[in-house]
Amino acid sequence: MKRVGLAVLLLLGMLAMAEGKLKAGWIYVGPIGDYGWTHAHDVGRKEAEKAFPWLKTLYVESVPEGQVGSYIDQMVRQGVRVIFATSFGYMDGVLEAAKRYPNVIFAHATGFKRAPNVATYMADFYQVYYLNGLMAGALTKSGKVGYVGAFPIPEVKRHINAFTLGVRAVNPKAKVLVRWIYEWYNPAAAKEATEALIAEGADVFAFTEDSPTVVQVAAEKHLPSFSHYSPMLKFAPDYVVSGQLVHWGAIYKDFLAKVYAGLYTPKNLKDVDYWWLLPQKAVELGADYGVPVNPKFIPALKAKKIHHPVFGEISVYDLVMKLKAMMSDVELAFDPFQGPIKDRKGHLRVPAGVRLTQAQLESMEWAVEGVTGPWPNEPK
Amino acid sequence: MVESWWVSTLARGLAFSAPLLLAALGELVAERSGVINLGVEGMMILGALSGFAVADASGNPWLGVMAAAGVGTLAALLHAFFSITLRANTYVSGLALTMVGLGLSGLLGKPFAGRPLAHPLPKLDIPGLSSIPWLGPGLFQGQNALLYLALLAAFLLWYFLYRTRGGITLRSVGENPAAADALGVNVYLVRYLATAFGGAMAGVAGAYLSVAYRPSWTEGMTAGMGWIALAIVIFAAWDPLRAVAAAFLFGAFYHLAYRFQAHLPPEFLKMTPYLFTVLFLVLGALGKSVRLGAPEALGRPYVRGER
């Protein structure tokens with residue numbers, strides 16, 4: 001029976017090949033309508049399908065992390081040759097499925113385990129968070145910047161740390177108040193966390209969570225905020241300063257083009273790991289495409305002058321633009337995590353003249369100076 | 001400036017309790033007539049979507065609220081038809097309504113995701129009252145008209161249930177439908193009306209979320225509030241005024257968990273909503289043994305002439 005199934009599968013695969021189209025499938029952890037993580041991946045999928053006439057795509061949404069295996073089975077049965085699994089929690093399910101289907105190519109977002117037919121990929125924001133932090137530091141009057149985080153995992157901690165380094169580069173005494181909601185998507189929780197931060201006196205906001213809630217709540221109180229993931233400028237045009245945007249399409253197009261060209265095969269992906277940042281244009285600074293800083297905030301940012309160790313007397317706006325240009329260059333003349341950096345307990349985490357490696361960034365558990373609030377798994 | 005925890009707890013507790021209270025009051029009336037509707041979550045999310053869609057298209061948030069009430073009513077009538085007229089299993093019918101509501105709203109809501117609502121329900125600042133010491137800033141500053149409507153509804157419902165003939169009729173149908181029938185009460189009609197009211201209130205609760213609390217539409221935005229409303233009904237022992245207290249308690253703890261997150265273990269925060277739901281249910285169940293107001297004929301379809 002299995003043999004027959006396999007034969008049918010091969011036949012289907014050959015048919016798909018005969019049609020000349022490469023079939024790629026996406027597995028999403030949330031609904032496309034979340035206007036956050038899954039929405040952004042779907043934008044990337046559509047971009048890839050539009051770019052390549054030889055590509056046919058399909059997707060399933062809201063797939064529970066434990067059930068990824070059976071959805072992969074279904075996709076393979078439909079003749080899919082390349083599968084993108086877009087949640088960290090799919091990791092082990094994907095690796096198991098990869099053993100079952102050695103001729104199918106898998107790519108797993110945000111993971112760190114690879115196999116001959118499993119690649120990993122990530123579009124990371126830490127550079128952009130630093131730039132947002134610079135602006136937040138210039139705009140806070142109370143010296144308290146609020147941050148609503150989803151889960152205390154290394155990815156989010158890295159982003160809060162980068163953001164806080166930016167805040168303190170402009171405003172050395174400022175604090176970043178952190179609240180966790182322990183969910184990727186829960187608008188009510190995000191709203192109440194923001195309200196709690198407002199009650200604590202925070203007057204500028206940033207977040208890692210999959211909805212525009214924080215932006216909306218801050219705007220109701222006439223407070224500035226930084227958007228996350230999707231273009232959220234329109235949710236509060238007078239109060240969103242900037243933010244970070246993702247372009248998963250950049251990675252998807254590159255990956256699929258290389259599969260189509262025969263560069264990536266189910267045998268040689270063991271070392272294929274996309275860690276794409278500003279230079280690869282996988283991420284962008286701004287709350288809307290092509291708008292790095294909301295023009296309404298440019299005068300205030302230009303008026304705020306600081307003394308920078310490299311550039312001397314400089315306005316925050318110019319500093320943001322300069323560092324953005326430097327970080328967009330593959331040479332990376334600047335990096336937020338460049339020593340000396342101490343954690344909030346006083347330990348030297350990054351010695352002078354040293355930068356953190358990708359592996360160190362991906363496993364970051366400590367908190368930089370200036371972060372206040374709970375920080376689970378903080379090293380002693 | 002750090003706001004006092006008292007003011008912020010009162011203000012946020014009330015704001016968060018409004019959708020819970022609206023949905024719970026509706027369910028309370030339905031259950032008082034003997035009909036359990038586990039479809040609160042589904043009716044709420046359908047209300048949230050239709051409320052957003054109509055408010056978005058018309059530019060008038062109140063039209064959105066009314067549309068939400070209408071859609072909630074229609075959904076509830078579906079449940080009424082299955083559980084009252086066809087006498088299908090009332091739990092299955094309600095659960096089905098929740099699942100259909102969540103699925104259908106996700107499907108139909110796609111074009112509305114990621115759009116801000118240009119004209120949400122305004123926040124009210126009531127001059128004079130908001131300067132009352134202790135209570136003023138929390139009760140009368142930046143709250144939403146729907147919150148006051150919910151509180152008013154609780155008092156009116158309490159009066160209706162215990163002080164009017166209509167209330168006695170409703171309660172008698174939930175306690176002993178055969179006796180009510182013998183007295184000439186149209187049991188089916190009363191149950192239909194009560195269920196429809198429950199749907200309208202759940203719809204308005206959903207609209208509160210999408211046109212007032214966080215004016216936008218996102219899939220699954222009710223995030224389990226319908227279930228909490230069901231628990232509140234039991235905890236409140238089917239009494240509208242106790243429902244106000246129960247909903248506020250829930251909202252207040254929700255806020256405090258964030259306010260004092262630094263001093264609480266994260267696991268505690270994560271389980272708070274569920275902990276309280278379970279606690280409510282346990283207290284409610286304990287209450288049942290001493291007959292704390294559960295309608296006698298709750299969840300039992302009525303068949304004329306059968307005992």
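**View 1. Helix H11 of chain B sits mostly under cover.** Of the 20 residues in H11(B), 14 are buried. This is a predicted model, and the helix in this view runs from residue 240 to residue 259 of chain B. How far apart should the ends of a helix with 20 residues be? At 1.5 Å a residue, H11(B) should span 28 Å, and the C-alpha atoms at its ends turn out to be 29 Å apart, so expectation and model agree.

**View 2. Chain B as a whole is built from 12 helices and two strands.** Start at the N terminus and the elements go by in the order α-α-α-α-β-α-β-α-α-α-α-α-α-α. The globule rule gives 19 Å for 307 residues, and the radius of gyration of chain B is also 19 Å, so this chain is as compact as a globular protein of that length. A box of roughly 65 × 45 × 40 Å, laid along the principal axes, holds the C-alpha atoms of chain B. Of the 307 residues in chain B, 54% are buried. If you take the contacts in chain B with a separation of 6 or more, 79% of them are between residues 24 or more positions apart.

**View 3. Here is the largest nonpolar core, with 218 residues.** Which residues touch the most other members of this core? They are Leu21(B), Ala24(B), Leu25(B), Ile232(B) and Ala243(B). Helix H9 of chain B, residues 187–213, makes the largest contribution to the core, with 16 residues. Chain A takes part too: domain 1 and domain 2 of chain A each put in at least three residues.

**View 4. Now we zoom in on Ala24(B), one of the core residues with the most partners.** Set aside the residues up to four places away in sequence, and Ala24(B) touches Ala229(B), Ile232(B), Val233(B), Ala243(B) and Ala247(B). Two of these names, Ile232(B) and Ala243(B), also belong to the group that touches the most other core members.

**View 5. Chain A brings 12 helices and 17 strands.** With 380 residues, a compact globule would have a radius of gyration near 21 Å; chain A comes out at 22 Å, which agrees. Along its principal axes, the C-alpha trace of chain A spans about 70 × 45 × 40 Å. Buried residues account for 53% of the 380 residues in chain A. As for the contacts in chain A with a separation of 6 or more, 64% link residues 24 or more positions apart.

**View 6. The domain assignment splits chain A into domain 1 and domain 2.** Domain 1 covers 2–113 + 248–276, while domain 2 covers 126–244 + 284–372. Taken over C-alpha atoms, the centres of these two domains of chain A are 33 Å apart. How many residues does each domain of chain A give to the contact? Domain 1 gives 10 residues, and domain 2 gives 10 residues. On the domain 1 side, helix H2 of chain A (residues 37–51) gives the most, with three residues. That side of domain 1 has five nonpolar residues, four polar ones and one charged.

**View 7. Chain A meets chain B through 29 residues of chain A and 30 residues of chain B.** On the chain A side, strand E7 (175–180), helix H7 (187–199) and helix H8 (213–220) each supply at least two residues. Which element of chain A gives the most to this side? It is H7(A), with eight residues. By type, the chain A side divides into 13 nonpolar, nine polar and seven charged residues.

**View 8. Helix H8 of chain A is largely enclosed by the rest of the structure, because seven of its eight residues are buried.** The buried residues of H8(A) are Thr213(A), Val214(A), Val215(A), Gln216(A), Val217(A), Ala218(A) and Ala219(A). What covers them includes H7 and the strands E6 (144–149), E8 (204–208), E9 (225–229) and E10 (240–246) of chain A. After H8(A) comes His222(A), with a positive phi near 60°.

**View 9. The last close-up is Ala189(A), a residue of helix H7 of chain A.** Is Ala189(A) buried or exposed? Ala189(A) has 26 other C-beta atoms within 10 Å, so it is buried. Leaving out neighbours within four places in sequence, Ala189(A) is in contact with Ile181(A) and Glu183(A). Val148(A) is 41 residues away along the chain, and its C-alpha atom is 9.7 Å from that of Ala189(A).

Definitions and conventions. Residues are numbered from 1 along each chain as its sequence is written. Chains are lettered from A and ligands numbered from 1 in the order in which they are written. This is a predicted model: local features need pLDDT of at least 70, side-chain atom pairs count only at pLDDT 80 or more; totals for chains, interfaces and linings use all residues. Domain bounds come from an automatic or database domain assignment. Two residues are in contact if their C-beta atoms, placed from the backbone, lie within 7 Å. Helices (H or I, at least four residues) and strands (E, at least two) are DSSP runs, numbered from the N terminus. Ala, Val, Leu, Ile, Met, Phe, Trp, Tyr, Cys and Pro count as nonpolar, Asp, Glu, Lys and Arg as charged, and the others, Gly among them, as polar. The expected span of a helix is 1.5 Å times one less than its number of residues. A residue is buried if 20 or more other C-beta atoms lie within 10 Å of its own, exposed if 12 or fewer, and partly exposed in between; C-beta atoms are placed from the backbone. The radius of gyration is taken over C-alpha atoms; the globule rule is 2.2 Å times the number of residues to the power 0.38. A nonpolar core is a set of buried Ala, Val, Leu, Ile, Met, Phe, Trp, Tyr and Cys residues joined through C-beta atoms within 7 Å.
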